[in-house]
Structures are given as structure tokens and as C-alpha cells.
Amino acid sequence: MTLFDTHAHYDAEEFAADRDAVLAALPAQGVSLVVNPGCDLPSSQTAVDLSRRYPHVYAAVGYHPENCAPYQEGDLNILRDLSREEKVVAIGEIGLDYYWEENPPKELQQVVFRDQLKLAEELDLPVIVHDREAHADSLSLVRQFPKVRGVFHCFSGSAELARELVKLGWMVSFTGVLTYKNARRSVEAAAAVPLDRLMIETDSPYMAPVPNRGKRNDSGNVRYICEKLAEIKGISPEECAAITMENGKRFFSIR
């Protein structure tokens, strides 16, 4: 089966020693597509650079809420320019993160999120949303942009929130958290999402699935997430791989 890892950070420092070797090996492991989202301007540029070098790698560009403190309005022009690159398929990773006290102020996060949603609307690109401990505000903000389509990546909300996103026409993506013993909430959410709205991701180098939990994650582990999601949905891993591949290609407009 061939797999699409719709969210992995190969720009991360954890891959500094062997980035090229890991990326080059993925097709032989059955991973035929990867999207690398940026988290700030430098990482967005790196994501674009990687997409130029590897046929199976695509990029997204944006400011992650944890990294948005340097943001100024002129940065939107830089993101706009990067978005013109052929293999930039989304604005992301953007959103809200209220988990860490040391994160930028909520008000700034909301401004940066809103500005990037406006940019996505202008460019007719989908968005990749990070939502941690900010479910109500994240949902409220995306509702203000009905023309923007997107995905809540690394979904951590309830089945009810997942259903609300589906009603809005959005996608929901799950990570290796699905494989954890205490993942009841994520499993319930995955069960609530129709098959045509699901995507899978590793969020590498973070959150490796069982049986590799605690190790550095990479896209080769996306198969474990696919297998768990197939179990939840009562289908074969091969069917799950095919469905999530098609969903990801449709969402990111990859032919």
C-alpha cells in the first residue's frame, strides 16, 4: 500500500544529522507523498527548499501560534511570495495554542491567525490549523471565513467538535496519538468523522505511534496510524491507505 503523510516537519533540528537520508528512503517504505508545513518564515523557506529537491515532498507556509511573536504585517508579503512556489499547497501551520503559559499572548495569536486566514482566502489555498486548548476560539475564527477550507491537524478535540468541522466542509487529521492506550477521546473523534473527511499524519519528529512511541518520529511510521484508523473504521489497511491518499490529494490539489 502507498501512503500520504499529510504533516511532517523535516525542517526540524531533530533531522539535522540525516534529513536527506530519511527523505530519500521514504518512497521505498511506501510513503509516496509528504507535506512539510512551515512554522515561521525560515522554516517555511526550508519547507519550500525541500519541496524543490524531492518529488514526493510538498510544502505549506505560515506562522505557528507558538512562533508568531516576531510577526509583523509585512511578513504576509513574504508568505504570499513563497505561496507562489509551484509545490506550496497550503497556508500552515497556523492556529491557536493556549497550552503553554510562555506562548505569545492570545490576542496576538488571534491576529496572526486571522491575517493568515485572510491570506488563504485571497490565494484560494487551504489551511492547516493547529488547535491546542483553544477549541472554541479556533472554531469561532474559522467560522468567520466561510470561503476558506482547511484541516484541523493532530486533532485533539471531541467527537462533537469533529462533527462541527465536517458540517463546515473541513477535514480532520489524526496522528500516532490514535495508537496510545489512553486515546479514547481521539478514537471517538475518528469514529465520528466520515471516511471522505479523514487524513493521516505523523507530525514528525513528534508523537511517534506505538510501537515506536518515545522515539524520533518519521513518515515511515504513518502506516501504524493507517492500520489503527482502519481498525476504528472497520476497513482494511489497504482501503484506508487508498482513501486517505485520495482525500489528501484532493484537499491539497495534488495530481
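In this predicted model, Phe 4 has Leu 33 of strand E2 as its bridge partner. The pair belongs to a parallel arrangement, in which 3 bridges join strand E1 (residues 3–5) to E2. The chain links these two strands through a helix. E1, helix H1 (residues 19–25) and E2 together make a right-handed β-α-β unit.

Strand E2 spans residues 31–37. Of its 7 residues, 6 are buried, so E2 is largely enclosed by the rest of the structure. E2 also pairs with strand E3 (residues 57–61). This pairing is parallel and has 4 bridges. Within it, Val 34 has Val 57 of E3 as its bridge partner. A second right-handed β-α-β unit is made by E2, helix H2 (residues 41–53) and E3.

Helix H2 was checked for length. Its 13 residues should span 18 Å at 1.5 Å a residue. The end C-alpha atoms of H2 are 19 Å apart, which agrees. The buried residues of H2 are Leu 41, Ser 43, Ser 44, Ala 47, Val 48, Leu 50 and Ser 51. These buried residues pack against several elements. Among them are the helices H1 and H3 (75–83). The strands E2, E3 and E4 (88–97) are also packed against the buried residues of H2.

Strand E4 continues the pattern of pairing. E3 and E4 run parallel and are joined by 3 bridges. Here Val 61 stands opposite Ile 91 of E4. Ile 91 also has a bridge partner in strand E5, namely Val 127. E4 and E5 run parallel too, with 5 bridges between them. From E4 the chain crosses through helix H4 to E5, and this β-α-β crossover is right-handed. How enclosed is E4 by the rest of the structure? In E4, 10 of the 10 residues are buried, so the strand is largely enclosed.

Helix H4 covers residues 106–123 and has 18 residues. From its first C-alpha to its last, H4 reaches 26 Å, close to the 26 Å expected at 1.5 Å a residue. The buried residues of H4 are Gln 109, Val 112, Phe 113, Asp 115, Gln 116, Leu 117, Leu 119 and Ala 120. What covers these residues includes H3, E4, E5 and helix H5 (135–143). H4 is followed by Asp 124. The phi of Asp 124 is positive, near 55°.

The structure was then searched for internal space. The search finds 1 cavity of 30 Å³ or more. The volume of the largest cavity is about 30 Å³. Its lining includes Val 129, His 130, Asp 131 and His 135. Also lining the largest cavity are Phe 152, His 153, Cys 154, Phe 155, Ser 156 and Gly 157. Which element gives the largest share of this lining? Strand E5 (residues 127–132) does, with 3 residues.

Open space was examined as well. The largest pocket has a volume of about 780 Å³. It is lined by 33 residues. The closest of these to the centre of the pocket are His 130, Arg 132, Cys 154, Asp 203 and Met 207. Two elements, E5 and helix H7 (184–192), give two or more residues to the pocket lining. E5 therefore contributes to the lining of the largest cavity and to that of the largest pocket.

Definitions and conventions
Residues are numbered from 1 along each chain as its sequence is written. This is a predicted model: local features need pLDDT of at least 70, side-chain atom pairs count only at pLDDT 80 or more; totals for chains, interfaces and linings use all residues. Side-chain values use heavy atoms; hydrogens and water are left out. Buried means under 20% relative accessible area, exposed over 50%, partly exposed in between (1.4 Å probe, protein chains only). Two strands pair if DSSP finds at least two bridges between them. A crossover is right-handed if, with the strands pointing away from the viewer, the path from the first strand over the helix to the second runs clockwise. The expected span of a helix is 1.5 Å times one less than its number of residues. Contact means heavy atoms within 4.5 Å. On a 1 Å grid over the protein atoms alone, a cavity is a set of points where a 1.4 Å probe fits but cannot get out, and a pocket is an open set with protein on both sides within 12 Å along at least five of seven lines; lining residues have an atom within 4 Å of a point. Grid points are joined across faces, edges and corners, and a volume is the space filled by probe spheres set on the points.
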